[in-house]
Amino acid sequence: MIFRRRDRRPWWRIVAEFLWPRGGWGRAFIYVKHRLHRLPDPPERIARGIFAGVFTTFTPFYGVHFVVAGTIAWVLRGNIPAALLGTFFGNPLTYLPIGVVSLQTGHAILGRGRLHEDEISRSLGGKFLDAGGDLKNNVLAIFTDRQADWHGLGIFYDEVFLPYLIGGIVPGIVAGLAAYYLSLPVITAYQKRRRGALKAKWDAIKEKKAREKLAREADGDGKAD
């Protein structure tokens with residue numbers, strides 16, 4: 001296939017590069033920053049897209065963050081590519097603190113008190129595995145004589161998904177607004193500087209062509225004499 005890698009990476013390298021990309025996360029963030037600066041849209045639309053992307057990272061919809069971010073950006077009339085790039089706010093370095101803040105906030109809003117560290121690790125780890133195991137078993141139950149069991153999925157929804165969904169709204173809005181107001185002046189200044197550089201380059205080209213035209217006209221007048 002055209003887009004298939006020539007050198008197939010082993011699974012351990014795929015996992016390693018997901019956790020720590022080539023060149024490090026600093027290089028990845030610089031790449032995202034340059035891509036955001038070069039998006040062809042007004043700064044306000046790009047900043048709204050960034051808000052949508054950052055806010056989405058505080059939702060429990062792992063695996064479909066691009067879809068959620070693009071939908072929110074479309075509703076807010078923001079830049080959709082900026083929203084997709086904004087989801088890079090959620091990465092292996094930030095998912096744990098984002099999850100902890102969202103879960104703690106959600107349990108507090110639902111009146112369930114504060115979670116202990118062992119409960120948080122179990123919520124983010126073991127309950128994901130329990131739900132995944134139940135989901136796999138229930139899919140197989142459609143085609144085999146296995147019994148469907150929704151116990152793990154029920155616990156996951158009640159103790160993880162619902163608190164995460166509710167609790168991620170407030171910190172998601174705060175982080176999204178911070179990203180919006182931080183990125184808006186930066187993108188505005190960058191686009192102004194870029195337009196100025198392009199205008200200066202275009203003026204230099206026009207000036208060069210004008211000089212060449214005058215030189216040709218002078219050379220033609222000299223030959224006529």
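## Report on an all-helical predicted model

In this predicted model, confidence within the chain is lowest in helix α1 (residues 11-19), where the mean pLDDT is 48, and highest in α3, where the mean is 94. Over the chain, the mean pLDDT is 76, and 63% of the residues reach 70 or more.

### Overall architecture

The secondary structure consists of nine helices and zero strands. From the N terminus on, the order of elements is therefore α-α-α-α-α-α-α-α-α. The chain has 225 residues, of which 34% are buried. Among contacts with a separation of 6 or more, 67% join residues 24 or more positions apart. The chain exposes about 15,200 Å², and 65% of that area is supplied by carbon and sulfur atoms.

### Helices α3 and α6

The table sets out the spans of two helices.

| Helix | Residues | Length | End-to-end C-alpha distance | Expected span |
|---|---|---|---|---|
| α3 | 43-56 | 14 residues | 20 Å | 20 Å |
| α6 | 95-109 | 15 residues | 21 Å | 21 Å |

For α3, the distance from the first C-alpha to the last is close to the value expected at 1.5 Å a residue. The end C-alpha atoms of α6 likewise lie at a distance that agrees with its expected span.

Helix α3 is largely enclosed by the rest of the structure, because 11 of its 14 residues are buried. These buried residues are P43, I46, A47, G49, I50, F51, A52, G53, V54, F55 and T56. R45 has a relative accessibility of 31% and therefore counts as partly exposed. The side chain of R45 meets that of D41 in a salt bridge, with an N to O distance of 3.0 Å. The structure holds one salt bridge.

In α6, the buried residues are I98, G99, S102, L103, Q104, G106 and H107. Just after this helix, G111 adopts a positive phi of about 75°.

### Packing around S102 and G172

S102, a residue of α6, has a relative accessibility of 0% and so counts as buried. When its neighbours within four places in sequence are left aside, S102 is in contact with F58, P163, Y164, G167 and G168.

G172 belongs to helix α9 (residues 169-224). Its relative accessibility is also 0%, below the 20% cut-off, so G172 counts as buried. Leaving aside neighbours within four places in sequence, the contacts of G172 are F55 and F58. G172 and F58 are 114 residues apart along the chain, yet their C-alpha atoms are separated by 5.3 Å. F58 thus appears among the contacts of S102 and among those of G172. The other contact of G172, F55, is one of the buried residues of α3.

### A nonpolar surface patch

On the surface, I109, I169, V170, I173, V174, L177 and Y181 form a nonpolar patch. Together these residues have about 640 Å² of accessible area. Helix α9 contributes the largest share of the patch, with six residues. I109, also a member of the patch, is located in α6.

### Summary

Helix α3 combines the highest mean confidence in the chain with 11 buried residues out of 14. Helix α9 holds the buried residue G172 and supplies six residues of the nonpolar patch. Helix α6 holds the buried residue S102 as well as I109, a residue of that patch.

Technical notes: Residues numbered from 1 in each chain as written. Predicted model: local features only at pLDDT ≥ 70, side-chain atom pairs only at ≥ 80, totals over all residues. Heavy atoms only, no water. Helix = DSSP H or I, 4+ residues; strand = E, 2+ residues; numbered from the N terminus. Expected span 1.5 Å × (residues − 1). Buried < 20%, exposed > 50% of the residue type's maximum accessible area, 1.4 Å probe, protein only. Contact = heavy atoms within 4.5 Å. pLDDT = per-residue confidence, 0-100. Patch = residues over 30% accessible without salt bridge, like charges linked within 9 Å, V, L, I, M, F, W, Y side chains within 5 Å. Areas by Shrake-Rupley, 256 points an atom, 1.4 Å probe, with all protein chains shown as cover. Salt bridge = Lys/Arg side-chain N within 4 Å of Asp/Glu carboxyl O.
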